[in-house]
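Okay, thanks for squeezing me in. I've got one structure to walk through today, so let me put it up on the screen.

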Amino acid sequence: MRAVEAIEPGGPEVLEIRELPDPVAGPGEVLMRVAATAVNRADVLQRMGFYPPPRGASAIIGLECSGTVAALGEGVTGWQVGDEVCALLAGGGYASYVVVPAGQLMPIPSGVGLVEAAALPEVACTVWSNVFMLAGLEAGERFLVHGGAGGIGTFAIQIASALGAEVYATAGSPEKLALCAQLGADVTINYRDEDFVAVLKERRGADVILDNMGAKYLSRNVDALATEGRLVIIGMQGGVKGELDIARLLGKRGSVHATSLRSRPTEDKALICADVVENVWPLVADGQVVPIIHAVLPLEQAAEAHRLIDSGEHTGKILLTL
Ligand SMILES: NC(=O)c1ccc[n+]([C@@H]2O[C@H](COP(=O)([O-])OP(=O)(O)OC[C@H]3O[C@@H](n4cnc5c(N)ncnc54)[C@H](OP(=O)(O)O)[C@@H]3O)[C@@H](O)[C@H]2O)c1
């Protein structure tokens with residue numbers, strides 16, 4: 001098969017197309033012929049040598065894909081060769097074939113194209129598992145998402161808005177703020193020159209915050225929480241070590257969670273995928289939530305796609321097709 005490998009840790013130029021042996025589906029696994037994959041920030045960290053794949057996962061970069069079922073491993077039921085699917089991966093997406101635990105396969109929501117569907121698994125599973133399954137965001141609650149114009153943010157705004165939350169989103173330019181508003185954000189905040197804490201405090205604080213910044217925003221996120229607010233940290237773009245004011249947090253009876261989807265056991269991922277298919281896919285099928293795609297490039301241009309994500313100019317997802 002064709003696959004992109006990082007020949008050594010480094011910049012986008014280390015990504016090269018290689019010919020590798022096709023993977024083989026083991027018991028409980030499915031072999032997928034990949035139509036498209038998507039670029040995630042974790043891919044950039046893996047390329048740079050800072051984010052090794054979890055034990056047992058493919059060393060090839062790529063956390064999600066869409067395509068067709070090419071072969072079924074022993075004991076797999078419910079899928080047939082030729083089915084069009086998308087999948088959450090622990091690695092291996094930047095290749096023409098990938099092996100996936102059957103529980104991490106999802107049907108393609110109706111109305112979404114085969115290539116487009118590669119934009120969905122990582123954002124849908126991350127947002128649903130953190131904002132709804134973990135933090136329990138409910139209709140009428142105030143929800144703040146940082147990086148509202150990114151892959152995660154564009155999805156989070158749409159689904160929180162569709163499910164009746166009051167949505168606040170931060171972004172770094174007027175164009176990106178306009179996109180957040182178009183997707184359903186009730187209030188947009190330019191993180192370069194506005195204080196999100198002040199905006200949220202005027203409204204008694206956020207019930208749920210989805211954070212990509214980590215250390216840099218930790219104390220301000222706690223300040224922006226409402227009583228019984230839930231902060232969920234999923235990214236470390238602003239560093240890994242911060243100071244937490246426990247008195248402030250317990251005064252609010254608040255909670256701070258931090259999660260990583262990639263390192264979760266296969267059984268957890270299967271539960272999340274099933275919940276996403278049940279609760280999120282219907283919203284995608286009726287057009288309330290749509291994949292936001294910035295660019296679609298051939299796999300051969302993986303380095304270009306990484307330059308694009310490094311530049312921060314993109315909105316939504318960047319796809320690579322095979
Ligand atoms: N833990 C997990 O399981 C998990 C899963 C998926 C993703 N993630 C993490 O979630 C984060 C978002 O992923 P993504 O795919 O959406 O990446 P992305 O599309 O590259 O988006 C990154 C976002 O960060 C925003 N940003 C940069 N500086 C900021 C600041 N000072 N304040 C607020 N926002 C800022 C950018 O906003 P502008 O473009 O407006 O400047 C952009 O929207 C990443 O850190 C990723 O690693 C974690």
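I'll go through the sheet, then the ligand, then the antiparallel strands. One thing before we start: this is a predicted model.

So, the sheet. We have six strands in an open arrangement, and the order is β10-β9-β8-β11-β12-β13, with parallel pairing. Who sits at the edges? That's β10, residues 187-190, and β13, residues 255-258. Each of those has a single partner strand, so one side of each is left without a neighbour in the sheet. If you ignore direction, neighbouring strands here are turned by 15° against each other on average.

Let's zoom in on one pair. Strand β11, residues 206-211, and strand β12, residues 225-233, run parallel and are joined over five bridges. If you want a spot to click on, leucine 210 is opposite valine 232 in β12.

Now, what lies across this sheet? Helix α2, residues 121-134, lies across β8 (142-145), β11, β12 and β13. Its direction is about 160° to β11.

Right, the ligand, which is probably what you came for. There are 24 residues around it, and Arg41, Lys176, Tyr191, Tyr217 and Leu261 come nearest. Split by class, that shell has seven nonpolar, 13 polar and four charged residues. Where do they come from? Helix α2 is back again here: α2, α3 (151-162) and β9 (166-171) each supply at least two residues of the shell.

For the polar atoms, here are some distances. A ligand oxygen is 2.9 Å from an N or O atom in the side chain of asparagine 212. An oxygen of the ligand is also 3.3 Å from a polar backbone atom of glycine 147. And a ligand nitrogen is 2.8 Å from a polar backbone atom of threonine 259. How much of the ligand does the protein cover? On its own the ligand has 930 Å² of accessible area, and the protein covers 88% of that.

Last stop, the antiparallel strands. Strand β3, residues 29-38, pairs with strand β4, residues 64-72, in the antiparallel sense over seven bridges. In that pair, methionine 32 stands opposite valine 69 in β4. Then β4 is also joined to strand β5, residues 84-88, by five bridges, and that pair runs antiparallel too. There, cysteine 65 is across from alanine 87 in β5. When you're looking at which way things point, remember that in a regular strand the side chains alternate between the two faces of the sheet.

That's my tour, thanks.

Technical notes:
Residues are numbered from 1 along each chain as its sequence is written. This is a predicted model: local features need pLDDT of at least 70, side-chain atom pairs count only at pLDDT 80 or more; totals for chains, interfaces and linings use all residues. Side-chain values use heavy atoms; hydrogens and water are left out. Two strands pair if DSSP finds at least two bridges between them. Helices (H or I, at least four residues) and strands (E, at least two) are DSSP runs, numbered from the N terminus. Axes are lines fitted to C-alpha atoms, for helices over the stretch in contact, and angles run from 0 to 180 degrees between N-to-C directions. Contact means heavy atoms within 4.5 Å. A residue is near a molecule or strand if one of its heavy atoms lies within 4 Å of it. A polar contact is a pair of N or O atoms within 3.5 Å; within protein, one must be able to donate a hydrogen and the other to accept it, and residues adjacent in sequence count only if both atoms are side-chain atoms. Accessible areas come from the Shrake-Rupley method with a 1.4 Å probe; for residues, only the protein chains shown count as cover. Ala, Val, Leu, Ile, Met, Phe, Trp, Tyr, Cys and Pro count as nonpolar, Asp, Glu, Lys and Arg as charged, and the others, Gly among them, as polar.
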